[in-house]
Amino acid sequence: MSGKVIKVSGPLVVADGLADANVSDVVRVGAQHLIGEILNMTGDSASIQVYEETSGLGPGAEVITTGMPLSVELGPGMLENIYDGIQRPLPEIRDLTGETIARGVDVPALNRKKIWHFDAVAKPGDELKAGDVLGTVQETTAILHKIMLPADIAKATVKKIESGDFTVEGKIATVVLPDGTERELDMIQRWPVRIQRPYQTKYTPSRPLNSGQRVIDTLFPVAKGGTAAVPGPFGSGKTVVQHQLAKWSDVDIVVYIGCGERGNEMTDVLNEFPELKDPRSGEPLMKRTVLIANTSDMPVAAREASIYTGITIAEYFRDMGYDVAVLADSTSRWAEALREMSGRLEEMPGEEGYPAYLASRIAQFYERAGVVECLGSDERQGSVTAIGAVSPPGGDTSEPVSQATMRIVKVFWALDSSLAYARHFPAIHWLNSYSLYTDSLRPFYEKEFGPTYMSNRTKAMNILQEEAELQEIVQLVGQDSLSASDQLTMETARMIREDFLQQNAFVDEDAYSSYGKQFRLLDIVLQYDALCREALAKGAELKSLINIPSREAIGRAKTEDPNNYAAIYDGILANMRKEIAEAAQGGEEQ
């Protein structure tokens, strides 16, 4: 069915003669067959957002509807690939058209020529239900890709299945449906991006995502299957935090969405990720990564689709039983795309010109995260953790995107430009951030480390809070006017900030910190505080306690070898106790 263009307004095209089309249908516009999606219908007139540059398009151009919603192709070949916002493979397009993406180019998301070795798991005669594994493909050295019975087939009996070498379109199996009809299956599944993929049960997240970043793991943890936001002004390190999470998080798959980011930042990602070594396997990090690149100079409508493309790919890998992290950088640029399209549609604007449905759209994205029992007979659990960067104008988190995000996510890592300018990275401010997962993760921490882990976290947070209050007094009357106890609080807080929270991504021993190392390191700092308070009560001088030789060893402790830090930390602790005891004895003698 086809219609005619009657109006063009940037990425928005209005066409009539489409009475039989549906909202969300994908259409092809003009002689170049530009890809678009129907946003709303009025009679036989349709408003279409076009995912490509519309210059040169005019009234009278033909619009052909495909009758299908915007969907992604799911199957072997997604890992190590780089897609644009509507899942067109950029490396293949470059080989086809050169450095510039030609308009109307139509390249399938999955390579149709590449041969994959399929190992059948199911056997002829097996009765399967949606989500059951038909067979596996070793997609990369890091990930085993499970080919599942599509979710739209509730039940089926395997008639024919065989192992062998196939393309993604090769017929790997024939199944008989309950009504007796036969259906041939290949390795490709198609799924509408705006519809959440089904699952059996959703659970409360109870396992932490180990990022290796001490300020995150110890103070503001995010759970696997949880949601987090990283807001911060320009230059505060949002993208750096996302890169660190992509490299070090203990997840199986990473989906990185560069949504409206500057081209040079996306270039850094595209250049760095293939060279980064996966700390879990020693292989290149790209072996378990899908990149979606939609830079700020690309069509704005495709930016709006990129978030949904990324989360749908993540849900597909989740359905195999994998833990997946979706890193969206940044949701503010996505919201700006919503605002632009809403304005062109002449909808009633909400706060700061954003559409009235901004909050519900942000909620729809983050609600697709979670820990689930996957479809299928075998018990598989998978998770999608959604972490979105927010770029509020001028760092003002009272603007609508930040506020709508804060109402939905359970972890808020507030980046602070003053910390970034002081070279304190990660620049997550400990007084403005929070995590609502600490209570649900408490059983995990207590099982692994005992009750001391959570009590140490509480003590550290209290000391940092006290320091902020004392800082106001210091600015008025100077630090020397404080009592010895308060001066010790200031000193301990400085140790927590500089010796524990601050991390150097360029030092291999410090770029990643295991839970055990984090626990021991913070425990040493807090034991120093407790022992010094006892010594002060016995009359020791604060200056002698601050100047003990072990202080320097504590400062270097975070860069100790991750494999044998325990013995070194035991030595630091023993020396520290001895030196503080000597200082306390000197105080008693005086």
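At what angle do helix 5 and helix 7 pack, and how far apart are their axes? Keep that in mind as you start; the model on your screen is a predicted one.

**Stop 1: helix 5 and helix 7**

Select residues 300-318 for helix 5, and then add helix 7, which covers residues 358-366. Helix 5 and helix 7 pack at about 25 degrees, and their axes are 10 Å apart. Angles under 35 degrees count as roughly parallel, and helix 5 and helix 7 are therefore roughly parallel to each other. Now show the side chains where the two helices touch: Glu304, Ile307, Tyr308 and Ile311 come from helix 5, while Arg361, Gln364 and Phe365 come from helix 7. Coloured by class, the residues of this contact between helix 5 and helix 7 come out as four nonpolar, one polar and two charged.

**Stop 2: helix 6 against helix 7**

Keep helix 7 on screen and bring in helix 6, residues 331-344. Here the packing angle is about 135 degrees, and the axes of helix 6 and helix 7 lie 11 Å apart. That angle makes helix 6 oblique to helix 7. If you turn the view to look through the pair, the crossing of helix 6 and helix 7 is right-handed. On the helix 6 side, pick Thr331, Trp334, Ala335 and Leu338; they meet Leu358, Arg361, Ile362 and Tyr366 of helix 7. The contact of helix 6 with helix 7 holds six nonpolar residues, one polar and one charged. Pause on Arg361: this residue of helix 7 takes part in the contact with helix 6, and Arg361 is also listed in the contact with helix 5.

**Stop 3: strand 22 and its partners**

Next, select residues 323-329, which make up strand 22. Is this strand enclosed or open to the outside? Seven of its seven residues are buried, so strand 22 is largely enclosed by the rest of the structure. In a regular strand, side chains alternate between the two faces of the sheet. You can follow the two directions here: Asp323, Ala325, Leu327 and Asp329 point one way from strand 22, and Val324, Val326 and Ala328 point the other way. The residues on both sides are buried.

Now add strand 20, residues 253-259; it runs parallel to strand 22 and is joined to it by six bridges. Then add strand 24, residues 381-390, which also pairs with strand 22 in the parallel sense, over seven bridges. Asp329 is a handy residue to centre on. Its bridge partner in strand 20 is Gly258, and its bridge partner in strand 24 is Ala389.

**Stop 4: two open sheets of four strands**

Move to an open sheet whose strand order is 12-11-9-14, with antiparallel pairing. The edges are strand 12 (144-148) and strand 14 (164-166), each of which pairs on one side only. On average, neighbouring strands of this sheet are turned by 35 degrees against each other, direction ignored. Select residues 133-138 to see strand 11, which pairs with strand 12 in the antiparallel sense over five bridges. To find one of these bridges, pick Gln138 and look for its partner in strand 12, Leu144.

Another open sheet of four strands has the order 10-13-15-16, and its pairing is antiparallel. Its edge strands are strand 10 (127-129) and strand 16 (182-185), each pairing on one side only. In this sheet the average turn between neighbouring strands is 40 degrees, direction ignored. Select residues 155-161 for strand 13 and residues 173-176 for strand 15; four bridges pair these strands in the antiparallel sense. Zoom in on Ile161, and you will find Ala173 of strand 15 standing opposite.

**Stop 5: Leu441 and Tyr421**

Select Leu441, in helix 10 (residues 438-449). Leu441 is buried, with a relative accessible area of 0%. Show what surrounds this residue: beyond its neighbours within four places in sequence, Leu441 is in contact with Ser206, Arg207, Pro208, Pro221 and Ala223. A C-alpha to C-alpha distance from Leu441 to Met454 comes to 9.9 Å, for residues 13 apart in sequence.

Finish at Tyr421 in helix 9, residues 417-421. Is Tyr421 buried or exposed? With 58% relative accessibility, Tyr421 counts as exposed. Add Ser236 to the selection: Tyr421 and Ser236 are 185 residues apart along the chain, and their C-alpha atoms are separated by 7.9 Å.

Definitions and conventions:
Residues are numbered from 1 along each chain as its sequence is written. This is a predicted model: local features need pLDDT of at least 70, side-chain atom pairs count only at pLDDT 80 or more; totals for chains, interfaces and linings use all residues. Side-chain values use heavy atoms; hydrogens and water are left out. Buried means under 20% relative accessible area, exposed over 50%, partly exposed in between (1.4 Å probe, protein chains only). Contact means heavy atoms within 4.5 Å. Axes are lines fitted to C-alpha atoms, for helices over the stretch in contact, and angles run from 0 to 180 degrees between N-to-C directions. Angles under 35 degrees count as roughly parallel, over 145 as roughly antiparallel, 65 to 115 as roughly perpendicular and the rest as oblique. A crossing is left-handed if the near helix is turned anticlockwise from the far one by less than a right angle, and right-handed if clockwise. Ala, Val, Leu, Ile, Met, Phe, Trp, Tyr, Cys and Pro count as nonpolar, Asp, Glu, Lys and Arg as charged, and the others, Gly among them, as polar. Two strands pair if DSSP finds at least two bridges between them.
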